[in-house]
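Hi,

Here's the protein–RNA model I promised to pass on. Could you load it up and read my notes alongside?

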Amino acid sequence: MYIRRSLLFFLMVITRFAPSPTGRFHVGVARTALFSYLWAKKNSGKFILRIDDTDKERSKKEYEEEIKEGLKFLGIEWDFEFRQSERIEIYQKIAFQLIKDGYAYKCYCTPEELERYREEALRKKISPKYPGICRNKKQEVDEAKPFAIRFRVPEEEFEVEFEDIVMGKIKVKTVDIEDFTLLRSDRTPTYNLASCVDDADFKITHIIRGADHISNTPKQILLFKVLGHIPQFAHIPLVLPDEGKGKISKRAEKEISEIYISELKKDGFLKEAIVNHLARLGWAYGDKEIFSIDELVKLFDIKDINRSPARYNFDKLYWLNSEWIRILDDREIVQRLKDFMNIQDEPKVLSIIPQVKVRVKTLKEMAEMIKPIFGITMYDEEGKEKFLKNEKAKKVLEEIVVELEKIKIESENARAEFDKMMKNIAEKYGEKVVFVAQVMRMAIYGKLVSPPLFDVIKVIGKENVIERINSAIKLIEHQNQK
RNA sequence: GCCCCCAUCGUCUAGCCCGGUCUAGGACACCGGUCUUUCAAGCCGGGAACGGGGGUUCAAAUCCCCCUGGGGGCGCCA
């Protein structure tokens with residue numbers, strides 16, 4: 001499916017997200033994907049997914065899968081996708097053509113030699129760029145020796161200048177740009193070559209990528225000029241980890257699993273919240289905090305992105321997630337809950353959602369809070385110790401059984417009757433209502449925390465509740481015997 | 001060492017471009033209070049920032065310079 005070349009084609013915004021499948025899909029990468037996607041959508045353009053897998057050593061299929069799954073989960077859909085490994089011949093052809101046209105040359109320096117130059121330069125504290133040894137060598141010599149192909153940066157001293165949509169005007173002198181490699185000695189293309197060729201071929205209008213690519217841009221512009229297509233650039237500041245130093249990808253190998261999209265999904269974060277949070281990192285729209293993806297498409301603008309790096313902030317993500325749990329329709333919540341618990345009786349779950357959704361921050365927590373409705377698998381130890389122990393608790397429970405029998409749960413004023421019952425029992429045993437409530441909560445839910453008791457009873461059903469209370473009574477008796 | 005970028009509460013940010021309306025606004029987090037059968041949520045309130053130094057100007061968070069601090073890059077990685 002190739003994008004048709006038409007008049008529209010030249011006006012259309014085309015962005016791309018070009019991850020290299022050499023690592024997991026984390027929030028930093030996801031944000032650049034999101035921004036590229038938003039910009040394309042906002043302009044009714046196209047969004048391309050390009051897998052930059054020219055590094056065959058490090059590229060892994062599993063990472064590619066994780067990236068795609070992550071994008072799908074977040075709702076970032078692409079119009080077209082391809083892999084650079086499928087286009088190797090194209091890059092090679094162009095590299096050799098560039099030699100013919102005088103824009104590139106063969107470099108016979110060995111990796112070992114280059115490494116030596118580098119180390120020496122670093123030791124002498126001078127710029128470790130390629131010294132241009134092969135630049136003026138006769139090109140036909142040593143045809144049998146392995147060679148790489150390097151770009152010939154113009155001799156004249158001038159400034160390569162570009163207007164970055166986010167960063168503003170950036171100028172770099174040609175003397176500060178080295179003769180970068182286009183094709184390796186094993187004939188595989190480097191990132192700079194493959195990336196520019198593709199961006200030119202697919203007529204990418206806006207390259208939106210991380211700020212770590214700023215220093216590649218002047219090189220690429222030189223190459224783009226030769227290729228005849230220069231996109232606009234928008235370099236977005238990197239996302240910094242929650243704490244500590246260095247960029248997120250360098251810390252990614254470490255223990256922080258919360259930065260991976262797949263982990264966030266597993267932990268019960270909603271795509272709405274993640275997207276919302278990602279968008280607000282380095283971008284704002286007045287005082288507005290909650291953005292749906294549709295609103296983002298409308299309101300987002302690359303030029304409003306901040307130039308300073310933002311720190312990833314879990315507290316805010318949690319807050320946004322709880323907000324989104326409340327915003328989403330209860331039926332939708334039930335569907336999404338299926339990844340976290342087995343749901344046979346949907347209506348039952350649905351009926352308790354309103355009481356649960358204000359109490360949790362993630363779907364995972366939500367599932368945990370709902371599960372006891374279908375049966376107590378174990379009693380909370382601390383709660384058992386506190387409320388399911390002595391004779392008084394037993395008496396209270398027995399009393400509850402008797403009184404509960406009298407209440408018609410479905411009737412109009414059942415809730416009021418229930419409240420009155422609790423109060424009366426508390427008074428009778430010289431306790432506060434809290435005590436009675438907690439004893440009951442432990443008996444029917446097995447936990448110290450639950451949705452309001454009356455709602456729980458309604459969902460579980462009076463018969464089952466009484467059964468559970470009787471089990472709890474037996475538990476107390478059993479413990480007292482010991 | 002060289003190159004590029006940045007700098008407002010702890011964090012994300014509004015304001016900065018087009019100086020006065022900023023006794024610097026919002027949000028998260030935090031701390032009080034209130035409500036309450038648990039836990040939350042809600043409501044009310046609180047503390048909390050223009051990195052430092054020079055200019056320019058009647059007036060600077062806003063413009064200029066220096067310093068400091070932070071980030072990124074300097075591969076036959078992407």
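Below is what I found, starting with conventions and confidence and then moving on to the RNA and a few parts of the protein.

Housekeeping: residues are numbered from 1 along each chain as its sequence is written, while chains are lettered from A and ligands numbered from 1 in the order in which they are written. This is a predicted model, so to speak of local features I need pLDDT of at least 70, side-chain atom pairs count only at pLDDT 80 or more, and totals for chains, interfaces and linings use all residues; side-chain values use heavy atoms, with hydrogens and water left out.

**Confidence**

The model scores ipTM 0.94 and pTM 0.93. Chain A has an average pLDDT (the predictor's confidence in each residue, from 0 to 100) of 90, and 93% of the residues score at least 70. Among its elements, β2 has the highest mean pLDDT, 98, and helix α8 (residues 248–251) the lowest, 52. Helices here are DSSP runs of H or I with at least four residues, strands are E runs of at least two, and both are numbered from the N terminus.

Two stretches stay under 50. Residues 1–8 do so, with nine contacts beyond four places in sequence, and so do residues 251–255, with eight such contacts. Contact means heavy atoms within 4.5 Å. Where pLDDT is low, the predicted coordinates should not be read in detail.

**The RNA**

RNA strand B is surrounded by 69 residues, and Cys109, Arg184, Ser215, Gly282 and Arg359 come closest. Of the strand B atoms that come within 4 Å of the protein, 73% belong to sugar and phosphate. A residue is near the strand if one of its heavy atoms lies within 4 Å of it.

Three atom pairs to look at:

- Gly282: a backbone N or O atom is 2.2 Å from a phosphate oxygen of RNA strand B.
- Asp52: a backbone N or O atom is 3.5 Å from a sugar or linking oxygen of RNA strand B.
- Lys316: a polar side-chain atom is 3.0 Å from a base nitrogen of RNA strand B.

Several elements give two or more residues to the surface near RNA strand B, including α5 (111–123), β7 (168–173), α12 (314–327) and α18 (414–428). Which element gives the largest share of that surface? That is α19, with five residues. By type, the surface near RNA strand B divides into 26 nonpolar, 17 polar and 26 charged residues. Ala, Val, Leu, Ile, Met, Phe, Trp, Tyr, Cys and Pro count as nonpolar, Asp, Glu, Lys and Arg as charged, and the others, Gly among them, as polar.

**Two helices**

Helix α3 (residues 61–74) has 14 residues and reaches 20 Å between its first and last C-alpha, close to the 20 Å expected. The expected span is 1.5 Å times one less than the number of residues. Its buried residues, among them Ile67, Leu71 and Phe73, pack against β1 (14–17), α2 (27–42), β2 (46–51), β3 (80–83), α9 (261–266) and α10 (271–279). Buried means under 20% relative accessible area, exposed over 50%, and partly exposed in between, with a 1.4 Å probe and protein chains only. Just after α3, Gly75 takes a positive phi of about 85°.

Helix α17 (residues 391–406) has 16 residues that should span 22 Å, and its end C-alpha atoms are 24 Å apart, which agrees. Its buried residues include Val396, Leu397 and Ile400, and the buried set packs against α16 (381–387), α18, α19, α20 (453–460) and α21 (462–481).

**Individual residues**

Asp199 sits in helix α6 (residues 191–201). It counts as buried because its relative accessibility is 0%. Its side chain makes a polar contact with that of Arg50 at 2.9 Å. A polar contact is a pair of N or O atoms within 3.5 Å; within protein, one must be able to donate a hydrogen and the other to accept it, and residues adjacent in sequence count only if both atoms are side-chain atoms.

Arg87, in the loop between β3 and α4 (88–100), is buried too, at 10% relative accessible area. Beyond four places in sequence, Arg87 is in contact with Phe82, Val197, Asp198, Asp201 and Phe202.

Lastly, two positive phi values outside glycine: Ser44, at about 50°, and Arg187, at about 75°. Ser44 lies in the loop between α2 and β2 and is exposed, at 62% relative accessibility. Arg187 lies in the loop between β8 (181–183) and α6 and is partly exposed, at 36%.

Cheers
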